[in-house]
Amino acid sequence: MSAAAVEHPCDGEPESLLAMADRLTEQNPGCRVEIIGGVITGAPPPDGRHASALTTLMILFLAAGLHGEETCVLQGVGLWLPGGPEDYAIPDLAIVDADFDEHLTANNCYDPAVFRLVLEVTSSNYNNDLRNKVAAYSEAKIPVYMIIDRRHGRVHVLTEPMGGGYESHQVYAPGQTVTLPESIGAPVTLDVDALIKAGRPRA
């Protein structure tokens, strides 16, 4: 599913974007519905290799001690975005401050200030991850945005948010390693080849 016009009842007050998003979520179990830049988008349930890439990363982040007293590693947690009055995203994976429970804002989403890293694994809607979310996450001042680009076989690491994008945008290919900023909570070095292989569909 992709961004599209949504029908809503004509009688009474116009349906809010949040109400529409909630209705779409109920009508399409397993789909990830978000509001980015005032536009509702939806993504179908991810495939198994998408989940495999996330599991590979989870194992590495947990081994680095990132799920403990200082930080937590979370899947599919809501991130409230400042780009619009009802904007929110649901990144595939996030590293957040351990006290994130104290920063619940609205619609089961959390204040962007508690997010140290957000990560997306691309699917059919890869342009959303590579373009729209770059702007949205930078406006939210997310310090590290990481993308596993399964379509092009690369890993992107964006740091130093500056409003409409990131000052630093590093792209890594198989055969290289990625060292993430220690601001995420611990030193982590990742093998790009292993990440791309984990997400690549089997022949």
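Asp 129 and Lys 133 sit 4 residues apart in helix H3, which means that about one helical turn separates them. In this predicted model, the two form a salt bridge, with their closest N and O atoms 3.9 Å apart. Both ends of that bridge are tucked away: Asp 129 is buried, and so is Lys 133. The pair doesn't stand alone, either. Salt bridges with shared partners link Arg 32, Glu 34, Asp 92, Glu 120, Asp 129 and Lys 133 into one network.

Let's follow that network to Glu 34, a residue of strand S1 (residues 32-36). Glu 34 has a relative accessibility of 2%, so it counts as buried. Its side chain makes a polar contact with the side chain of Lys 133, at 2.9 Å. Glu 34 also touches residues elsewhere in the chain, among them Val 39, Tyr 88, Pro 91 and Asn 128.

Another link in the network is the salt bridge between Glu 120 and Arg 32, whose closest N and O atoms are 3.2 Å apart. Glu 120 belongs to strand S8 and Arg 32 to strand S1, so this bridge ties together parts that lie 88 residues apart in sequence. How buried are the two partners? Glu 120 has a relative accessible area of 0%, while Arg 32 is buried at 16%.

Now for the sheet. Six strands make up an open sheet with mixed pairing, in the order S3-S6-S8-S9-S10-S11. At its edges are S3 (71-75) and S11 (166-172), each pairing on one side only. From one strand to the next, the twist averages 15°. S3 and strand S6 (residues 93-97) run antiparallel and are joined by 5 bridges; one example is Leu 74, whose bridge partner in S6 is Ala 94. Helix H3 (residues 126-139), where we started, packs on this sheet and touches S8, S9, S10 and S11. The direction of H3 makes about 170° with that of S9.

Back to charges: the whole structure holds 9 salt bridges. One of them brings together the side chains of Arg 23 and Glu 15, at 2.9 Å from N to O. Arg 23 counts as partly exposed because its relative accessibility is 22%.

And what about a buried charge without such a partner? Arg 49, in helix H2 (residues 48-63), is buried yet has no salt bridge. The nearest side chain of opposite charge is Asp 47, 6.8 Å away, whereas a salt bridge needs the atoms within 4 Å. Instead, the side chain of Arg 49 reaches the backbone oxygen of Arg 200 at 3.2 Å. The residues Arg 49 touches include Arg 150, Lys 197, Pro 201 and Arg 202.

Key
Residues numbered from 1 in each chain as written. Predicted model: local features only at pLDDT ≥ 70, side-chain atom pairs only at ≥ 80, totals over all residues. Heavy atoms only, no water. Helix = DSSP H or I, 4+ residues; strand = E, 2+ residues; numbered from the N terminus. Buried < 20%, exposed > 50% of the residue type's maximum accessible area, 1.4 Å probe, protein only. Lys, Arg positive; Asp, Glu negative; His and termini not counted. Polar contact = N/O pair within 3.5 Å; in protein donor to acceptor, adjacent residues only side chain to side chain. Contact = heavy atoms within 4.5 Å. Pairing = 2+ DSSP bridges. Axes fitted to C-alpha atoms, helices over the stretch in contact; angles between N-to-C directions. Lists of a residue's contacts leave out its neighbours within four places in sequence.
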